[in-house]
Amino acid sequence: MVAKSRLAQLPASLRTALAERRALKVIAGLTNFDAASVERISRAAGLGGADLIDVACDSALVRLAAEVSGLPICVSAVDPELFPAAVAAGAALVEIGNYDAFYPLGRIFDAAEVLELTRRTRALLPEVVLSVTVPHVLPLDQQEQLAVDLVAAGADIIQTEGGTSAKPFSAGSLGLIEKAAPTLAAAHSISRALRSAGAIAPVLCASGLSAVTVPLAIAAGAAGVGVGSAINRLQDELAMVAVVRGLREALANRANVAV
């Protein structure tokens, strides 16, 4: 009941998007502290019809992203001590995750550490909505168990990842599906595990997704998707808006996907 009451604090539009399993989060990047870049991404997210923006945990970026987008803001970090200032600046929720930036540095997050970060964050911010990413480096059965344990520890939303571990070898749509396969598999396994355990928490599927694969994420059990590199690697704001709108349209048409 506590988790439900925390989710009720989210803006109505975001709650509805999660409930209707069509939430779209645009990810600016955990290590992206470039204000001009975050401004372009945030404006494109707002114009393109996203429901949420995920930015680095910095108070100035929170205020900037909110001002130019008109959307709720999520901040990502792996240091819980950074979250309170971002919440005070207006962040609607916080997230432990977006580990992709750390893997090339050899930094790996195991289940015990993610659980401890979750407990520390919940102790610091008992009333704030908390999303936690399950590391894709864990075998799927361990991802499932960690997701259940995270909800028990106070996580309100579970996010998947996997794009950095994918090794697509095909062109076109097949390559895009290959790229998304790890995070789609995680979304399917984790959403089933949470239901089986009676752990109520929406699942966001993220990392390696595109307009081709976001409907598959919803079919796999996700309540929404998070998309970063497909948008934030672009330099042209109009191109960003077009990608966000394409993702929005793909989510709207997800009912046509059969699995």
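Biologist: Where helix α7 meets helix α8, α7 passes α8 in a right-handed crossing; what makes a crossing right-handed?

Modeller: In a right-handed crossing the near helix is turned clockwise from the far one by less than a right angle, whereas an anticlockwise turn makes it left-handed. This is a predicted model, in which local features need pLDDT of at least 70 and side-chain atom pairs count only at pLDDT 80 or more, while totals for chains, interfaces and linings use all residues. Residues are numbered from 1 along each chain as its sequence is written, and side-chain values use heavy atoms, leaving out hydrogens and water.

Biologist: Why is α7 called oblique to α8?

Modeller: The axes of α7 and α8 (residues 172-197) lie 9 Å apart, at an angle of about 50°. That angle falls outside the classes roughly parallel (under 35 degrees), roughly perpendicular (65 to 115) and roughly antiparallel (over 145), and the rest count as oblique, so α7 is oblique to α8. Angles run from 0 to 180 degrees between N-to-C directions, along axes fitted to C-alpha atoms over the stretch in contact.

Biologist: How do you know which residues of α7 and α8 meet?

Modeller: Contact means heavy atoms within 4.5 Å, and on the α7 side this picks out Leu140, Gln143, Glu144, Ala147, Val148 and Val151. Their partners in α8 are Ala185, Ala186, Ser189, Ile190, Ala193, Leu194 and Ala197. By class, this contact has ten nonpolar, two polar and one charged residues, where Asp, Glu, Lys and Arg count as charged, Ala, Val, Leu, Ile, Met, Phe, Trp, Tyr, Cys and Pro as nonpolar, and the others as polar.

Biologist: What makes α6 roughly parallel to α7?

Modeller: The axes of α6 (residues 111-124) and α7 (residues 140-152) come within 10 Å and cross at roughly 15°, and that angle makes α6 roughly parallel to α7. Ala111, Val114, Leu115 and Thr118 of α6 make the contact with Leu146, Asp149 and Leu150 of α7, a group of five nonpolar, one polar and one charged residues. Here too the crossing is right-handed.

Biologist: Why are α3 and α11 called oblique?

Modeller: Helix α3 (residues 35-48) and helix α11 (residues 237-252) have axes that come within 8 Å and cross at roughly 40°, and they are therefore oblique to each other. Their contact includes Arg40, Arg43 and Leu47 of α3 together with Glu237, Met240 and Arg248 of α11, and in full it counts seven nonpolar, one polar and five charged residues.

Biologist: What makes a space a cavity or a pocket?

Modeller: On a 1 Å grid over the protein atoms alone, a cavity holds points where a 1.4 Å probe fits but cannot get out, while a pocket is open, with protein on both sides within 12 Å along at least five of seven lines; lining residues have an atom within 4 Å of a point. One cavity of 30 Å³ or more is found in the whole structure, and the volume of the largest cavity is about 60 Å³. Its lining has nine nonpolar, no polar and one charged residues, and β1 gives the most, three residues.

Biologist: Which residues lie nearest the centre of the largest pocket?

Modeller: They are Ile27, Asp100, Ser207, Gly228 and Ser229, out of 25 lining residues. The largest pocket holds about 410 Å³ of space, and its lining divides into eight nonpolar, 14 polar and three charged residues. The largest share, three residues, comes from α10.

Technical notes. Points joined across faces, edges and corners; volume = space filled by probe spheres on them. Helix = DSSP H or I, 4+ residues; strand = E, 2+ residues; numbered from the N terminus.
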